[in-house]
Amino acid sequence: MQIYGYPGERVDFVSRSAAAGSIMAGDSREYVEEFFGPAHTRSEDEISYFSRSVVLRFEDDKVREIALYPQRSKRERIDVFVGKTRLSGLDANGIAEVVSRPGGGLIATPAEEGLGEVIFRL
């Protein structure tokens with residue numbers, strides 16, 4: 001799966017089969033569950049999918065943040081992009097450079113191998 005994030009706007013999800021869709025700032029929990037299907041895990045303010053590799057956080061039942069944990073995915077490789085810049089595969093310095101770009105709304109931390117966490121604030 002390829003995930004393209006645009007902090008403050010939307011996150012696009014593209015599957016291996018080239019099926020695509022977006023979650024936008026303010027989308028409802030109901031819409032997210034129509035998009036992904038029933039949540040794998042859920043709490044009052046978040047739901048998750050794909051072995052908790054995609055976690056959507058809500059405020060007043062509206063999407064406010066999407067957290068990605070690519071290394072948790074057991075079935076499918078997850079590549080994360082910020083716009084057209086590929087975060088997956090960058091070293092810690094490269095990730096820090098992308099995060100420091102103007103605009104905010106992005107947190108990314110490296111793991112020993114690859115990305116540990118990426119958060120898009122919407």
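Two strands pair if DSSP finds at least two bridges between them, and this definition is needed for the exercises below, which concern a predicted model.

**Exercise 1.** Determine which strands pair with β8, and which residues stand opposite each other there.

*Solution.* Begin with strand β1, residues 2-6, which runs parallel to β8 and is joined to it by four bridges; in this pairing Gln2 stands opposite Asp79 of β8. Next take strand β9, residues 85-86, which pairs with β8 in the antiparallel sense over two bridges, and here Phe81 has Arg86 of β9 opposite it. The hairpin of β8 and β9 has two residues between the strands, and within this hairpin Gly83 takes a positive phi near 60 degrees. Finally, look at the two faces of β8: Asp79 and Phe81 are buried on one side, while Val80 and Val82 are buried on the other, so that both faces are covered, given that buried means under 20% relative accessible area.

**Exercise 2.** Work out the order of the strands in the open sheet, and find where helices α1 and α2 pack on that sheet.

*Solution.* The open sheet is formed by six strands with antiparallel pairing, and their order is β4-β5-β6-β7-β11-β10. Its edge strands are β4 (41-42) and β10 (106-110), each of which pairs on one side only. At the β4 edge, two bridges join β4 to strand β5, residues 46-49, in the antiparallel sense, with Arg42 opposite Ile47 of β5. Helix α1, residues 29-36, packs on the sheet by touching β4, β5, β6 (54-59) and β7 (62-68), and its direction makes about 10 degrees with that of β5. Helix α2, residues 92-99, also packs on the sheet, where it touches β10 and β11 (115-121), and its direction makes about 175 degrees with that of β10.

**Exercise 3.** Explain why the buried residues of α2 lie on the same side of the helix.

*Solution.* First identify the residues concerned, which are Gly94, Ile95 and Val98, all buried in α2. They cover an arc of only 100 degrees around the axis, and therefore they are on the same side of α2. As general background, an α-helix has 3.6 residues a turn, so residues three or four places apart point the same way. The buried residues of α2 pack against β8, β9, β10 and β11, whereas the face turned away from them carries the exposed residues Asn93 and Glu97. At the N-terminal end, α2 is capped by Asp91, of which a side-chain oxygen lies 3.2 Å from the backbone nitrogen of Asn93.

**Exercise 4.** Decide whether Ser53 is buried or exposed, and describe its surroundings.

*Solution.* Ser53 lies in the loop between β5 and β6, and because its relative accessibility is 1%, it counts as buried. Leaving out residues up to four places away in sequence, Ser53 touches Ala67, Leu68, Tyr69, Arg72, Ser73 and Ile78. The side chain of Ser53 also reaches the backbone oxygen of Phe50 at 2.6 Å.

**Exercise 5.** Find which members of the largest nonpolar core touch the most other members, and list the contacts of Ile66.

*Solution.* The largest nonpolar core has 28 residues, of which Phe13, Val32, Leu56, Ile66, Leu87 and Val118 touch the most other members. Taking Ile66 and leaving aside its neighbours within four places in sequence, one finds it in contact with Val11, Phe13, Ile23, Val55, Leu56, Val118, Ile119, Phe120 and Leu122.

Notes: Residues are numbered from 1 along each chain as its sequence is written. This is a predicted model: local features need pLDDT of at least 70, side-chain atom pairs count only at pLDDT 80 or more; totals for chains, interfaces and linings use all residues. Side-chain values use heavy atoms; hydrogens and water are left out. A nonpolar core is a set of buried Ala, Val, Leu, Ile, Met, Phe, Trp, Tyr and Cys residues joined through side-chain atoms within 4.5 Å. Buried means under 20% relative accessible area, exposed over 50%, partly exposed in between (1.4 Å probe, protein chains only). Contact means heavy atoms within 4.5 Å. Axes are lines fitted to C-alpha atoms, for helices over the stretch in contact, and angles run from 0 to 180 degrees between N-to-C directions. The arc is that of the directions from the helix axis to the C-beta atoms. A polar contact is a pair of N or O atoms within 3.5 Å; within protein, one must be able to donate a hydrogen and the other to accept it, and residues adjacent in sequence count only if both atoms are side-chain atoms.
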